[in-house]
Amino acid sequence: MMKKSKMIKRNSFIDRACHWTVVICFFLVALSGIAMFFPSLHWLTQTFGTPQMGRILHPFFGVLIFFVLIVMFFRFVKHNIPKKDDIGWFLHIVEVLKGNEHKVADVGKYNPGQKMMFWSIMSLILVLLVTGVIIWRPYFAHLFPMWSIRLCLLLHAVAAIVLIHAILIHIYMAFWVKGSISGMIEGKVSRKWAKKHHPRWARQVEAEEEKNNS
């Protein structure tokens, strides 16, 4: 019988490439967007070199984020479908925060909190795309009445602020759950980590390994 490696594959290269592309683009778009929304942070307009370049490139990078997330959506959606037993994870959220997630829920590849984050990000990006296109000068804004532009400016700003906070929570959780970041950098996590935080997924991976080795 083959000796099992201490590490198992968590994310493929294409998944990691998409993730870090979104991270870099979102960082640039968020900073340039904040600069336009808050005059006191005008210095952030240097994100793309000059204020003018920031206004020009902001929407293009936003569209790039959307298309990369579309790829990620179809690759990750099957693991993020809400299930009835996810309720138990939320009911025992205190134990989850204590690090006893494996004792209160049989988690698959992604836990209910990650699923919620997935759908929140996808929904907010869709709102940002639609509102962003409507307010995008000089290409599309002239096609819409002024009241819709004003409404979309408000919705775009609100969605952006909510998304930035969601991403900050996502980043915090990645550091808080020790061992998570290596899964998105190196693509692998330890079996011990998998069995503690995602036991059902760990069993599925090991069953697939045994099937391939038999």
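**His198, a pocket and a cavity in a predicted model**

User: Is His198 buried or exposed in this predicted model?
Analyst: The model is predicted. Burial here requires under 20% relative accessible area. His198 has a relative accessibility of 2%, so His198 is buried.

User: Where in the secondary structure is His198 found?
Analyst: Helix α9 covers 191-197. Helix α10 covers 199-213. His198 is found in the loop between α9 and α10.

User: Which residue's side chain is joined to that of His198 by a polar contact?
Analyst: His198 touches a set of residues beyond four places away in sequence, among them Val107, Tyr110, Gln114, Trp193 and Arg10. A polar contact of 3.5 Å joins the side chain of His198 to that of one residue, Arg10.

User: Which residues span the UniProt domain feature, and what is the helix content there?
Analyst: The UniProt record, an unreviewed entry, gives the feature as "domain: Cytochrome b561 bacterial/Ni-hydrogenase". It places this feature at residues 16-187. The end C-alpha atoms of that stretch are 7 Å apart. Strand content is 0%, and helix content is 72%.

User: Which helix gives the most residues to the lining of the second largest pocket?
Analyst: This pocket has a volume of about 990 Å³. Its lining includes at least two residues from each of α1 (13-37), α2 (51-76), α6 (112-134) and α7 (146-176). The top contribution is ten residues, and it comes from α7.

User: Which residues lie nearest the centre of the second largest pocket?
Analyst: The lining counts 33 residues. By class, 25 are nonpolar, five polar and three charged. Those nearest the centre are Gly33, Met36, His58, Ile135 and His156.

User: How many cavities of 30 Å³ or more does a search of the whole structure find?
Analyst: The largest cavity has a volume of about 30 Å³. Ser32, Met36, Thr45, Pro51, Gly54 and Arg55 line this cavity. For cavities of 30 Å³ or more, the search of the whole structure finds one.

User: Which helix gives the most to the lining of the largest cavity?
Analyst: By class, the lining holds two nonpolar, three polar and one charged residue. Both α1 and α2 supply at least two residues each. The top share is three residues, from α2.

Terms used
Residues numbered from 1 in each chain as written. Predicted model: local features only at pLDDT ≥ 70, side-chain atom pairs only at ≥ 80, totals over all residues. Heavy atoms only, no water. Helix = DSSP H or I, 4+ residues; strand = E, 2+ residues; numbered from the N terminus. Buried < 20%, exposed > 50% of the residue type's maximum accessible area, 1.4 Å probe, protein only. Polar contact = N/O pair within 3.5 Å; in protein donor to acceptor, adjacent residues only side chain to side chain. Contact = heavy atoms within 4.5 Å. 1 Å grid on protein atoms, 1.4 Å probe; cavity = no way out; pocket = protein on both sides within 12 Å on 5 of 7 lines; lining within 4 Å. Points joined across faces, edges and corners; volume = space filled by probe spheres on them. Nonpolar A, V, L, I, M, F, W, Y, C, P; charged D, E, K, R; others polar. UniProt positions renumbered as here; feature names shortened; annotations may be inferred.
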